[in-house]
Amino acid sequence: MKRDRWCGELRREDAGREVVLNGWVQRRRDHGGVIFIDLRDVSGLAQVVCNPEVSAEAHAAAEGVRGEYVLFCRGKVRLRPEEAVNPKLPTGEVEVLAEEVGVISRSLTPPFEIQEESGVDETLRLRYRYLDIRRPDLRDALILRSRVTGEVRNFLSSRGFLEIETPMLTKSTPEGARDFVVPSRLQPGKFYALPQSPQLFKQLLMVAGLDRYYQIARCFRDEDLRADRQPEFTQIDLEMSFVEPEDVISLMDEMFAHLFRLFLEVELRVPFPRLTWREAMERYGTDRPDLRYGMEIVDFSSALAGSGFKVFRSALEAGGRVRGFKVDGLVSPPRRELDGMVEEARRLGASGLVWMVREGDGLKSPVAKFLTGEEGEALIDASDLREGEVLLLAAGGEEISPVLSGMRDHCVRRFGPPRNEKFAFVWVTDFPLFDWDEEEKRYKSNHHPFTAPSGDCLDFLEERPLEVTSQSYDMVLNGVELGGGSIRIHDPALQERVFAVLGLSREEAEDKFGFLLEALRYGPPPHGGIAYGLDRMVMLMAGRESIRDVIAFPKTQSGGDPLTGAPDAVYPEQLRELRLRPI
RNA sequence: GGAGCCGUGGUGUAGCCAGGUUAACACGCCGGCCUGUCAAGCCGGAGAUCGCGGGUUCAAAUCCCGUCGGUUCCGCCA
């Protein structure tokens, strides 16, 4: 018998109406006489009452029902007696008085309980993912994901963007992540690569004159997994012609304000704040600062010039600095807490960490005896340190930035400092165009090789590559990199110069990216864009801590799928067809 | 490649550090009673050789070594 209403949408206005529901048995409460069944479908729960005085048949059918059976249920909606109203349920004011109940399909006892709080081993949940998804929190996350994706499509298409699909079977390119590789049967010995992103294709679409492109694009990277990294993930990928960074950034400000208003009822202040990469590293020690919290890093070098503490003095003499921050949310901690912080800093790779606690007009610290009174006062002034508050200091070159950033995270986790806002967006711009790769002894693109250098850096591109900044921008939310993009190079000559700095020979560049260089010779428009990690975006919007919680069928940390058993061996015949042999 | 944590009935945990009868508790499951529950209640029952392998010991869930799986982080992820 086919439903005519959803379980979760019954309200008091429906009282008196006859309805048919289809759904799963969340719970059965058998009182001997009357039996209550909580029936669940994708919309929510409804209580069905099976009273033998109303329908002996329905009651008899309900006696044989068990958890997760699929039922149809015909009956009249009625208001519950006042004392039986359940304020915890949206449908709690009404119930369906069953006149007919039938089993559509039966279920084995599930391997774990289908309920809000899971706490169940994740492998088991993944093995029975179709049961796991019946739980409201996972179901709701997938519903949110679908709505967000749909609204992104609406938003972009209303702004003139065209949704274009790009190939999944494409060409392996150097630079970047390890490719997933697919053997070609028709061309034995050759391979496709799955796309790490549609980067090159979207640039070609700009050369093709489509002006604005977007795609909800699956991407693949064969690297190790994390809570926020899966081997296949989804990007909101877009590209625009005739634009500058400002155009992309302001459009995205608008899109996120719209999405957060619509789905979370949160009014975001736009435009989002901006930091250059240099500022972000200086003030937060990382290129993806979590601006929900204070604890800005301050340079104390001038207060400590000529310090009697050898570690500080020698760092300063070597051209380094002494930087640190005041810990929020922590006053007069016990000694072991302070020692714990030093240990944490070592774990983060620091050679040391100095703590100072203000006591009266002075400082308590393992290095207090090396400090003069003036130095102590200068530190207190510069950090605005009050009674009992803690100052953390590290000395050295740029390598202390990640340590200080890590200590900032540690303090957030451990001391729960006051939070400014729930969602703190920030743009980080002007990244270095290149990094030096010590292992390979060569320059590497910080973003990707098609990122345009800033106009004022073109003169020293080859001479001082590490000083070249790029027309790039990352969107960061609560310390998570949500997306990144740039203005691209549209001048083939400049593109070749960048390849040269990267150490790609003319032949290699021609072999790997020749098609792009060629396209750039046929009237490319200036263009740029951005790509977002949709999984991370929805994760943060849903308040989850792993993107696995917003992906229907995610992989474990070793890249496996406990449900299907992938990856798995293939038949020798399949390998023979592909002309492949295991080594 | 490296470091940490976890693995005990179907599920979640306790027991492990100080080795010693029938491995405890809650939920779930099965049966009985029960007409207003919604985490229903009450009574009864079944169900685990403690991830796997080896070692130490009179004796191992417990100690040691190895291994597998999961997870978090570092490396890696343009």
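# Exercises on a predicted model

α10 is followed by G349, and the phi of G349 is positive, near 100°. The model is predicted, and every exercise below reads from it.

## Exercise 1. Helix α10

Check the span of helix α10, then find which residues are buried and which are exposed.

*Solution.*

Step 1. Helix α10 covers residues 335–347, which is 13 residues. At 1.5 Å a residue, α10 should span 18 Å. Its end C-alpha atoms are 19 Å apart, which agrees.

Step 2. The buried residues in α10 are E337, L338, M341, V342, E344 and A345. They cover an arc of only 160° around the axis, so they sit on the same side of α10.

Step 3. Now turn to the other side of α10. There, R335, R336, R346 and R347 are exposed.

Step 4. Look for the cover over the buried residues of α10. It includes strands β13 (321–331), β14 (354–359) and β16 (389–396), along with helix α12 (400–415).

## Exercise 2. An arginine in α12

Find the side chain of opposite charge nearest to R408, and decide what that distance says about a salt bridge.

*Solution.*

Step 1. Place the residue. R408 is in helix α12, and α12 is among the elements that cover the buried residues of α10.

Step 2. R408 is buried. The nearest side chain of opposite charge is D409, 5.1 Å away.

Step 3. Apply the cut-off. A salt bridge needs the nitrogen within 4 Å of a carboxyl oxygen. R408 has no salt bridge.

Step 4. List what R408 touches, leaving out residues up to four places away in sequence. These are Y284, D290, Y293, G294, M295 and F325.

## Exercise 3. Strand β10 and its partners

Which strands pair with β10, and over how many bridges?

*Solution.*

Step 1. Take β9 (residues 212–220). It runs antiparallel to β10, and 9 bridges join the two. As a marker for this pairing, Q215 has D237 in β10 as its bridge partner.

Step 2. Take β22 (residues 527–533). β10 and β22 pair in the antiparallel sense over 7 bridges. Here L238 stands opposite I530 in β22.

Step 3. Check burial. Of the 10 residues of β10 (residues 232–241), 9 are buried, so the strand is largely enclosed by the rest of the structure.

## Exercise 4. Helix α15

How many of the residues of α15 are buried, and which are they?

*Solution.*

Step 1. Helix α15 spans residues 534–541, and 8 of the 8 are buried. The helix is therefore largely enclosed by the rest of the structure.

Step 2. Name them: L534, D535, R536, M537, V538, M539, L540 and M541.

Step 3. Look just past the helix. G543 takes a positive phi of about 70°.

## Exercise 5. Salt bridges

Find the salt-bridge partners of R159, R178 and K364, and say how exposed each residue is.

*Solution.*

Step 1. Start with the principle. Side chains of opposite charge can pair when their charged atoms come close. The count for this model comes to 57 salt bridges.

Step 2. R159 pairs with E254, with the closest N and O atoms 2.3 Å apart. R159 lies in the loop between α4 (136–158) and β6 (162–163), and E254 in helix α6 (residues 245–264), so the pair ties together parts that are 95 residues apart in sequence. R159 is partly exposed, with a relative accessible area of 28%. E254 is also partly exposed, at 37%.

Step 3. R178 and E223 meet in a salt bridge at 3.5 Å, N to O. This pair links distant parts of the chain, 45 residues apart: R178 is in the loop between β6 and β7 (181–183), and E223 in the loop between β9 and β10. R178 counts as partly exposed at 48% relative accessibility, and E223 counts as partly exposed at 33%.

Step 4. K364 meets E359 at 3.8 Å, N to O. K364 is partly exposed at 35% relative accessibility, and E359 is partly exposed at 44%.

Step 5. Some salt bridges share partners. They join R125, R129, D132, R135, D137, R544 and D549 into one network.

## Exercise 6. A histidine in α6

Which residues does H258 contact, leaving aside its neighbours within four places in sequence?

*Solution.*

Step 1. H258 lies in helix α6. It is partly exposed, with a relative accessible area of 23%.

Step 2. H258 is in contact with E151 and F155.

Step 3. Compare sequence with space. H258 and V152 are 106 residues apart in sequence, and their C-alpha atoms are 9.5 Å apart.

Key:
Residues numbered from 1 in each chain as written. Chains lettered and ligands numbered in written order. Predicted model: local features only at pLDDT ≥ 70, side-chain atom pairs only at ≥ 80, totals over all residues. Heavy atoms only, no water. Helix = DSSP H or I, 4+ residues; strand = E, 2+ residues; numbered from the N terminus. Expected span 1.5 Å × (residues − 1). Buried < 20%, exposed > 50% of the residue type's maximum accessible area, 1.4 Å probe, protein only. Arc of directions from axis to C-beta. Contact = heavy atoms within 4.5 Å. Lys, Arg positive; Asp, Glu negative; His and termini not counted. Pairing = 2+ DSSP bridges.
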